[in-house]
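Here is a walk through one structure, from a single residue to the sheet and then to the ligand. Keep the sequence and the coordinates open as you read.

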Amino acid sequence: MPNAIEVRGLTKRYGPLSAVEQIDFNVEAGTVFAFLGPNGAGKTTTTEILEGLRRRTGGDVRVLGLDPWTQGYALHQRIGVIPQDFRFFEKLTPKEGILYYGSLFGTRPDPKSLLARVDLEDKADSHFDTLSGGQKQKLGLALALTNNPEVCFLDEPTTGLDPQARRSIWEVIRTLRREGRTVFLTTHYLEEAELLADQVAIIHHGKIIASGTPGEIIRAHGRPERLVFDAPPALGEYLHSTLGVATELRDGRVEVSLESNRDALRILSAVDASGLPWKGFSTRTETLEDVFVRLVGPMDDGALKSEVPA
Ligand SMILES: Nc1ncnc2c1ncn2[C@@H]1O[C@H](COP(=O)(O)OP(=O)(O)OP(=O)(O)O)[C@@H](O)[C@H]1O
Ligand SMILES: [Mg+2]
């Protein structure tokens, strides 16, 4: 598939502040791309440059082969946008809003079917200012789809929504992908990125610090899988001295790194032989959120090392 979005050496300065510094990435057409990063990392700046709403300082950007800044008019016919903190005319209804958007694009959208897509038909005739936060976001999504866009830019579409409302927006995103559209998503919910995204890029202080599929990022930056025992710290010391495995005390539990599945059998036998009391165990695999927090968070992640890894 060709790339729907191509970014080369993109830089954006606001006076002395370098908000985005020489970033590169591609988004293949028909995929979901999640752009992640802490507050102020440069996500909205990048997103709005791609949408043709902000002018870049340097580098090259193409969306559907077009330069968003100089070919914005042609591009806007083909993309859909939900800005961060989406707001709308307070006294317009969702139905009126969709017809209004249609008039801007010179099309005659069907409000009923667009509102059905986002499960908002029952609010078709309610004023915007009477909608709940989740319903407003759903309207934003319906408006973004009014012109049947090839690329959808969704800047934090699920922020502040309850778990059910978030899931219904995930379903719409999955449908957009199934229809062959490209979705450029920013979010602070790492679980959402892990579930929805084909490719992820993490931006921090204006630079991309990790990119790939969620699995690739976890493998490259995550810790190995671990067995977690609800047991006294002495168990960690015992396992380290008898088996030479790396152990850690974390949140009052003993964690043991697993290099292979055979390790699990050896470790469980040793735990049994130790005679130490233990209440139960579970396995722990790193999530994108674990990796994200380690990459962008404070250096001290709260782990108390009981043993130095072999
Ligand atoms: N119009 C502007 N003028 C000056 N500085 C700006 C402007 N817009 C953004 N910035 C600064 O650029 C940096 C990146 O901001 P941006 O909005 O792109 O971050 P973000 O990753 O979207 O953050 P958040 O997760 O909080 O939405 C921040 O330091 C911000 O203060
Ligand atoms: Mg933002």
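Start in a loop. Leu53 sits between H1 and strand E4 (58-63). This is a predicted model. Is Leu53 buried, exposed or partly exposed? Leu53 has 16 C-beta neighbours inside 10 Å, so it counts as partly exposed. A buried residue needs 20 or more such neighbours, and an exposed one has 12 or fewer. Trp69 lies 16 residues away from Leu53 in sequence. In space, the C-alpha atoms of Leu53 and Trp69 are 7.4 Å apart.

Now step back to the whole chain. The protein chain has 310 residues, and 38% of them count as buried. Its secondary structure comprises 11 helices and 13 strands. The C-alpha trace spans about 75 × 45 × 35 Å along its principal axes. Take the contacts between residues at least 6 apart in sequence: 69% of these join residues at least 24 apart.

Next comes the sheet. It is open, and 6 strands form it. Their order is E5-E6-E7-E3-E8-E9, with mixed pairing. Which strands stand at the edges? They are strand E5 (79-82) and strand E9 (207-212). Each has a single partner strand, so one side of each is left without a neighbour in the sheet. From one strand to the next, the twist averages 15°.

Look inside the sheet at one pair. Strands pair through backbone hydrogen bonds, either parallel or antiparallel. Strand E3 (residues 32-36) and strand E7 (residues 182-186) run parallel, joined by 4 bridges. For Ala34, the bridge partner in E7 is Leu185.

Helices pack on this sheet. Helix H6 (residues 163-178) touches E3, strand E6 (151-155) and E7. The direction of H6 makes about 150° with that of E7. Helix H11 (residues 288-296) also packs on the sheet, touching E3, strand E8 (199-204) and E9. Here the angle is about 25°, taken between the directions of H11 and E8.

Finish at the ligand. Which residues surround ligand 1? The shell consists of Tyr14, Leu17, Ala19, Gly37, Asn39, Gly40, Ala41, Gly42, Lys43, Thr44, Thr45 and Gln84. Two elements, strand E2 (17-28) and helix H1 (43-50), give two or more residues each. The largest share, 3 residues, comes from H1. By class, the shell has 4 nonpolar, 7 polar and 1 charged residues. H1 also leads back to the start: the loop that holds Leu53 runs between H1 and E4.

Methods:
Residues numbered from 1 in each chain as written. Chains lettered and ligands numbered in written order. Predicted model: local features only at pLDDT ≥ 70, side-chain atom pairs only at ≥ 80, totals over all residues. Near = placed C-beta within 6 Å. Nonpolar A, V, L, I, M, F, W, Y, C, P; charged D, E, K, R; others polar. Pairing = 2+ DSSP bridges. Axes fitted to C-alpha atoms, helices over the stretch in contact; angles between N-to-C directions. Contact = placed C-beta atoms within 7 Å.
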